[in-house]
Amino acid sequence: IAGMFQERGLFPSERMAGLLAAAIVSDTVMFKSPTCTERDKIVAERMARIAGISLKELGREIFSPSREDRTIQELLHSDFKEFHIAGHSFAVAQITTVDTTELFDRRRELLEEMAAEAKRKDYQMVLMMLTDVLLDGTWLLFVGDDETIRNAFSVQPREGAVFLPHVMSRKKQVIPSLSALWG
């Protein structure tokens with residue numbers, strides 16, 4: 001992203017405004033995360049005006065990096081967090097993008113690596129959130145108990161996958177649903 005601003009020949013203050021806008025767009029998942037506030041939108045729009053950039057273009061740049069050259073292990077561990085709730089040990093990974101097609105096509109490989117990780121670390125469940133900004137939802141890949149996913153999210157899982165509309169945040173949406181289930 002920093003290179004994107006340098007290529008445009010922006011002044012240092014304009015580059016800084018662009019970087020601040022990028023940080024807000026990234027953190028709020030293009031303003032779709034439940035953690036997003038109205039203040040985030042206002043500040044990002046102001047920083048984008050100063051930098052002379054489009055927030056939509058910036059979001060596409062942030063969430064469209066090529067993942068073709070990354071191994072399954074790198075994809076799984078790029079944003080991987082471990083949790084222990086009410087005697088349940090599990091992990092949730094997340095990749096946020098504007099197109100989950102490429103990643104979803106690799107779902108078998110991801111599920112195999114997730115199963116291996118569960119065995120290595122003695123997790124009862126491993127989840128991978130493939131969060132699609134444009135679809136405004138998450139493909140949830142998982143290894144573990146179908147019943148847990150069914151009850152936590154009121155969905156019918158199929159072959160280790162389910163689409164969760166409007167789910168963008170591990171912290172505010174996925175973990176609370178599992179915590180509520182397990183008490």
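The following dialogue reads a predicted model, feature by feature.

Trainee: How many helices and strands does the chain have, and how do the elements run from the N terminus on?

Mentor: The chain has 9 helices and 5 strands. From the N terminus on, the order is α-α-α-α-α-β-β-α-α-β-β-α-β-α. Along the principal axes, the C-alpha atoms fill a box of roughly 55 × 35 × 25 Å.

Trainee: What percentage of the residues of the chain count as buried?

Mentor: A residue is called buried when its relative accessible area is under 20%. Of the 183 residues in this chain, 46% count as buried. As for contacts, consider those between residues at least 6 apart in sequence: 66% of them join residues at least 24 apart.

Trainee: How do the axes of H2 and helix H3 cross?

Mentor: Angles of this kind run from 0 to 180 degrees between N-to-C directions. Here the axes of H2 and H3 (residues 38-51) come within 8 Å and cross at roughly 150°. The crossing of these two helices is left-handed.

Trainee: Which residues of H2 and H3 meet, and how do they divide by character?

Mentor: From H2, the residues are Ser13, Glu14, Ala17, Gly18, Leu20, Ala21 and Ile24. They meet Asp40, Val43, Ala44, Met47, Ala48, Ile50 and Ala51 in H3. The residues of this contact divide into 10 nonpolar, 2 polar and 2 charged.

Trainee: What is the volume of the largest pocket, and which residues are closest to its centre?

Mentor: The largest pocket holds about 390 Å³ of space. Its lining has 15 residues, and those closest to the centre are Ser26, Asp27, Val29, Asp79 and Gln94. Helix H2 (12-27), helix H4 (55-63), strand E2 (88-97) and helix H9 (170-182) each supply at least two residues of that lining. By character, the lining residues of the largest pocket divide into 4 nonpolar, 6 polar and 5 charged.

Trainee: Strand E2 includes His88. Is His88 buried, exposed or partly exposed?

Mentor: The range between under 20% and over 50% relative accessible area is called partly exposed. His88 has a relative accessible area of 24%, so it is partly exposed. Setting aside residues up to four places away in sequence, His88 touches Phe83, Gln124 and Trp182. His88 and Trp182 are 94 residues apart along the chain, yet their C-alpha atoms are separated by 8.1 Å.

Trainee: Which residues that are not glycine have a positive phi?

Mentor: Ala86 is one of them, with a phi of about 45°. Ala86 lies in the loop between strand E1 (80-85) and E2. Glu159 is another, with a positive phi of about 55°. Glu159 is found in the loop between helix H8 (146-153) and strand E5 (161-165).

Trainee: Pro157 lies in the loop between H8 and E5, where Glu159 is also found. Which of the two counts as buried, and which as exposed?

Mentor: The cut-offs decide this: buried is under 20% and exposed is over 50%. Pro157 has 6% relative accessibility and therefore counts as buried. Glu159, at 56%, counts as exposed.

Trainee: What is Pro157 in contact with, leaving aside its neighbours within four places in sequence?

Mentor: A contact means heavy atoms within 4.5 Å. On that basis, Pro157 is in contact with Phe142, Asp146, Ile149, Arg150 and Val162. Between Pro157 and Leu140, 17 residues apart in sequence, the C-alpha to C-alpha distance is 9.2 Å.

Definitions and conventions
Residues are numbered from 1 along each chain as its sequence is written. This is a predicted model: local features need pLDDT of at least 70, side-chain atom pairs count only at pLDDT 80 or more; totals for chains, interfaces and linings use all residues. Side-chain values use heavy atoms; hydrogens and water are left out. On a 1 Å grid over the protein atoms alone, a cavity is a set of points where a 1.4 Å probe fits but cannot get out, and a pocket is an open set with protein on both sides within 12 Å along at least five of seven lines; lining residues have an atom within 4 Å of a point. Grid points are joined across faces, edges and corners, and a volume is the space filled by probe spheres set on the points. Helices (H or I, at least four residues) and strands (E, at least two) are DSSP runs, numbered from the N terminus. Ala, Val, Leu, Ile, Met, Phe, Trp, Tyr, Cys and Pro count as nonpolar, Asp, Glu, Lys and Arg as charged, and the others, Gly among them, as polar. A crossing is left-handed if the near helix is turned anticlockwise from the far one by less than a right angle, and right-handed if clockwise. Buried means under 20% relative accessible area, exposed over 50%, partly exposed in between (1.4 Å probe, protein chains only).
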